[in-house]
Amino acid sequence: MEERVSRSEQKRRFRQIESAAREVSELRDPELGRLPVSDELRDEIVLCRKTKAGARKRQIKYIAKILHHEDLGAILRFLQDKKGSKLKENKFLHEAERLRDQIVDDALSAHEMCRHNQEAWELDWQSEAIDHALSRFPDLDERELRNSAHHYARTRSKTHYRELFRMIKAAAEKNRLREKKEQPSGEGSPESQDLC
């Protein structure tokens, strides 16, 4: 017996497919090459990118119509994986920013305390954030890290602030690649681990 689908449910399903068509039309070339679709659909997606305004809307509706005849489950999984990887990358960058901000906060506090006590502020001040960063990422250069944090606290120069982020991100990426190589296949992804 065939399942009866209400008109409202049909409209909801088509809106979902149309939303997938919109996302598919925004894929870049390397992603489009990996998308599990027919050549006909891939050509229509390329054509959609070249159109503007109203014609683009019509083209997206046409792509949605073609999607009815494709393996929609595979396409939705592809889009979900793509979004998931972007979310993981964003989380990775936010964690690097958070670690940088903790180091900067420690540096600003230490600098302010030395100014308040009228003492010279040395590069080897006590910082739990730096200690944590060094234990988490052995590739970090402690002297360079302290130097950038020290300069930022004294000058508030965004150059040093960005340099701290660059150092942490580079060390974290090295660590992530190392863990990925050491990880036997089939285990959890190291990208899902937090930086801190």
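What follows describes the nonpolar cores, the salt bridges and one helix of a predicted model.

The largest nonpolar core has 26 residues. Those touching the most other members are Ile-103, Trp-121, Trp-125, Leu-140, Leu-145 and Leu-164. Four helices give two or more residues to this core: α5 (72-116), α6 (128-136), α7 (142-155) and α8 (158-182). The most comes from α5, which supplies eight residues. Apart from this core lies another, made of 19 residues, and Ala-20, Leu-41, Ile-75 and Phe-78 are among them.

Trp-125 can be followed through its contacts. With neighbours within four places in sequence left aside, Trp-125 is in contact with Asp-106, Ala-107 and Ala-110, with Ile-130, and with Arg-146, Ala-149 and His-150. Nonpolar residues such as Ala-107 and Ile-130 thus appear in this list together with Asp-106 and Arg-146.

Charged side chains come next. Side chains of opposite charge can pair when their charged atoms come close. Over the whole structure, a search finds 14 salt bridges. One of them joins Asp-29 and Arg-49, with 2.5 Å between the closest N and O atoms. Asp-29 belongs to helix α2 (residues 29-34) and Arg-49 to helix α3 (residues 39-50), so this pair ties together parts that lie 20 residues apart in sequence. Asp-29 has a relative accessibility of 53% and counts as exposed, because the cut-off for that class is over 50%. Arg-49, with a relative accessible area of 28%, is partly exposed.

Helix α3 also holds a salt bridge between Arg-42 and Asp-39. The closest N and O atoms of this pair are 3.4 Å apart. Because Arg-42 and Asp-39 are three residues apart in the helix, about one helical turn separates them. An α-helix has 3.6 residues a turn, so residues three or four places apart point the same way. The two partners nevertheless fall into separate accessibility classes: Arg-42 is buried, at a relative accessible area of 19%, whereas Asp-39 is exposed, at 56%. The value for Arg-42 counts as buried because that class takes in everything under 20%.

A pair with the spacing of three residues, about one turn, is found in helix α5, where Glu-95 and Arg-98 both lie. Glu-95 forms a salt bridge with Arg-98, and the closest N and O atoms are 2.7 Å apart. Glu-95 is buried, with a relative accessible area of 12%, while Arg-98 is partly exposed at 36%. Elsewhere in the list of salt bridges, Glu-18, Arg-22 and Lys-61 are joined into one network by bridges that share partners.

The last stop is helix α8. At 1.5 Å a residue, its 25 residues should span 36 Å, and the end C-alpha atoms are 36 Å apart, so the expected span and the model agree. The buried residues of α8 are Tyr-161, Leu-164, Phe-165, Met-167, Ile-168, Ala-171, Ala-172, Asn-175 and Arg-176. Of these, Leu-164 was named above among the core residues that touch the most other members.

Asn-175 is a polar residue of helix α8, and it is buried, with a relative accessible area of 8%. A polar contact of 3.2 Å links the side chain of Asn-175 to that of Arg-178. Leaving aside neighbours within four places in sequence, Asn-175 is in contact with Arg-136 and Phe-137. Arg-136 falls within the residue range of α6 (128-136), one of the helices that give two or more residues to the largest core.

Key:
Residues are numbered from 1 along each chain as its sequence is written. This is a predicted model: local features need pLDDT of at least 70, side-chain atom pairs count only at pLDDT 80 or more; totals for chains, interfaces and linings use all residues. Side-chain values use heavy atoms; hydrogens and water are left out. A nonpolar core is a set of buried Ala, Val, Leu, Ile, Met, Phe, Trp, Tyr and Cys residues joined through side-chain atoms within 4.5 Å. Buried means under 20% relative accessible area, exposed over 50%, partly exposed in between (1.4 Å probe, protein chains only). Contact means heavy atoms within 4.5 Å. A salt bridge is a side-chain nitrogen of Lys or Arg within 4 Å of a carboxyl oxygen of Asp or Glu. The expected span of a helix is 1.5 Å times one less than its number of residues. A polar contact is a pair of N or O atoms within 3.5 Å; within protein, one must be able to donate a hydrogen and the other to accept it, and residues adjacent in sequence count only if both atoms are side-chain atoms.
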